[in-house]
Amino acid sequence: MARRMMSRLGQWSSYVFAVDFDTNSDPIYFALASKQSERPQVFRNVLADEKCYSLHVQSDDKIERAKFYGGLKKKLSKELPPECTILEMSIFQPNVKDSVIKGYFLKDASKSSATERVLGELLRNDPVYVCSYLCGGEDRQWSQHLWSNTEDGWVEVLEKYCVVPAEKPVHHPSTLSIINYDVFYSFEDAYKVLQQCVDIIPESKAVLELVDQRLESKEKTDFPVIVIEGLDATGKTTLTESLTEALGATLLKSPPQCLSPWRARFDTEPPLIRRAFYALGNYLTAGQIGQEARQAPVIVDRYWHSTAAYAIATAVGGKLGNLPQAGSEVYGWPGDLLRPSLVLMLSLSSQERMRRLQVRGQDKTMEEEELEANHLFRQKVEEAYQRIEGPACITVDASPSPDQVLQQVLLLIREKCHL
Ligand SMILES: Nc1nc2c(ncn2[C@@H]2O[C@H](COP(=O)(O)OP(=O)(O)OP(=O)(O)O)[C@@H](O)[C@H]2O)c(=O)[nH]1
Ligand SMILES: Nc1ncnc2c1ncn2[C@@H]1O[C@H](COP(=O)(O)OP(=O)(O)O)[C@@H](O)[C@H]1O
């Protein structure tokens with residue numbers, strides 16, 4: 001027992017556990033130790049006498065981990081008692097990229113044994129670690145108890161560790177696994193993800209075949225390439241169509257039309273797979289841009305900024321201040337992706353944007369629903385847009401009439417692209 005205890009504690013002793021009790025404040029950070037700490041009790045302000053558990057995915061295969069984790073919250077929400085609160089949890093080594101293991105912390109105020117039954121089932125059938133947390137002794141200290149399956153299918157508590165406070169890390173744990181999990185900075189990295197999905201998502205094969213036929217894009221283009229960005233209903237479609245006419249340009253968009261048959265399918269996938277799909281969409285569009293910009297200016301409706309901004313805003317948990325600082329490598333442009341001459345970001349008040357969304361009456365994407373419901377998510381998307389470099393976007397006030405916005409943008413294009 002001692003050997004196993006040391007092996008696990010040895011494995012986890014350099015890890016910090018982070019639980020998001022409230023998106024407006026810092027997570028609670030704790031570590032594991034073989035003996036109690038002299039420092040204040042970890043959960044003193046956030047837990048009373050609830051039963052607490054944690055579970056996290058243990059698989060070396062990042063696709064399997066992403067797929068399982070993607071469906072886990074829905075499964076827990078469906079099967080756990082309503083009094084059981086499901087909180088985001090990360091286990092990570094501070095400042096070590098790719099060290100993040102995502103999971104959930106359960107605060108169970110129910111008096112039923114349903115939670116333990118559901119967790120026992122998960123432990124028996126799925127690639128998860130399950131732990132329970134107990135508060136005991138005069139000093140009301142918390143301990144973590146690792147569950148294990150016995151041969152006859154029962155659950156036993158394998159090892160017990162003291163839960164001790166841990167320092168707040170420099171970077172929020174959710175920022176440690178953005179690169180190649182939420183945002184892809186090379187064609188090859190995105191392509192590899194879909195290649196690994198061919199067996200579990202058959203549509204990946206058709207997408208890869210299209211991507212294999214993509215046109216090569218050149219560094220430099222003969223005519224200017226102008227990208228129009230912005231949240232849903234800021235007026236991108238209206239502006240790009242009138243711009244195309246005014247400039248005798250070619251209109252493209254990302255993801256390109258040829259990926260439309262599979263878009264809804266990949267929108268249901270976890271970020272790792274979904275973002276790889278959108279990244280490959282940008283490379284397909286880049287090939288089309290390279291070809292079309294030989295004959296005329298090109299206008300693009302959404303491109304890299306949309307892909308990176310939505311992915312970063314979705315990945316970064318907690319408050320707005322948890323976003324990686326401006327200048328961070330996550331805001332960099334992929335070295336192998338065609339760079340446009342100009343990126344314009346349409347900006348609009350929330351009220352006017354909601355009005356236009358209603359007027360247009362189209363269905364909203366899942367992310368747009370989120371944008372509407374979640375002011376914090378919208379702030380993160382808008383802030384991420386502003387921090388992306390290579391080129392950075394120029395903000396345009398999209399509140400005037402369609403024609404006034406068009407004239408304002410034509411002036412900017414003439415000034416910046418000498419068109
Ligand atoms: N284009 C694009 N959209 C993304 C990406 N990642 C997520 N999305 C989602 O897809 C939505 C936009 O998809 P579009 O096909 O541009 O839908 P649309 O109706 O044309 O959007 P608007 O042009 O904003 O009206 C965004 O609101 C995001 O929710 C990405 O990499 N590229
Ligand atoms: N400058 C504008 N002023 C008022 N309404 C606008 C303006 N631009 C677009 N709209 C209207 O707002 C709605 C959303 O415009 P759309 O071009 O579809 O935005 P996006 O493509 O960014 O989602 C449409 O009904 C459109 O007619």
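**Ligand 2 and its pocket**

In this predicted model, the shell around ligand 2 comprises six nonpolar, five polar and four charged residues, where Ala, Val, Leu, Ile, Met, Phe, Trp, Tyr, Cys and Pro count as nonpolar, Asp, Glu, Lys and Arg as charged, and the others, Gly among them, as polar. Altogether 15 residues surround the ligand, the closest being Ala233, Lys236, Thr237, Thr238 and Arg360, with a residue taken as near if one of its heavy atoms lies within 4 Å. Helix 6 (236–247) and helix 10 (350–360) each supply at least two residues of this shell; helices (H or I, at least four residues) and strands (E, at least two) are DSSP runs numbered from the N terminus.

Residues are numbered from 1 along each chain as its sequence is written, while chains are lettered from A and ligands numbered from 1 in the order in which they are written. Local features need pLDDT of at least 70 and side-chain atom pairs count only at pLDDT 80 or more, whereas totals for chains, interfaces and linings use all residues; side-chain values use heavy atoms, with hydrogens and water left out.

Polar contacts (pairs of N or O atoms within 3.5 Å) involve both backbone and side-chain atoms of the protein. A backbone N or O atom of Gly235 is placed 3.0 Å from an oxygen atom of ligand 2, and a backbone N or O atom of Pro402 is 3.2 Å from a nitrogen atom of the ligand. An N or O atom in the side chain of Arg356 lies 3.1 Å from a nitrogen atom of ligand 2. Of the 550 Å² that ligand 2 exposes when taken alone, the protein buries 81%, with accessible areas from the Shrake-Rupley method and a 1.4 Å probe.

The ligand occupies the second largest pocket, in the sense that more than half of its atoms lie within 2 Å of the grid points. A pocket is here an open set of points on a 1 Å grid over the protein atoms alone, where a 1.4 Å probe fits, with protein on both sides within 12 Å along at least five of seven lines, and lining residues have an atom within 4 Å of a point. The volume of this pocket is about 1,100 Å³, computed as the space filled by probe spheres set on the points. Its lining has 42 residues, of which Asp232, Lys236, Thr237, Arg302 and Arg360 lie nearest the centre, and helix 6 gives the most, with six residues.

Arg302 has a positive phi of about 70° although it is not a glycine, and lies in the loop between strand 11 (298–301) and helix 9.

Key:
A polar contact is a pair of N or O atoms within 3.5 Å; within protein, one must be able to donate a hydrogen and the other to accept it, and residues adjacent in sequence count only if both atoms are side-chain atoms.
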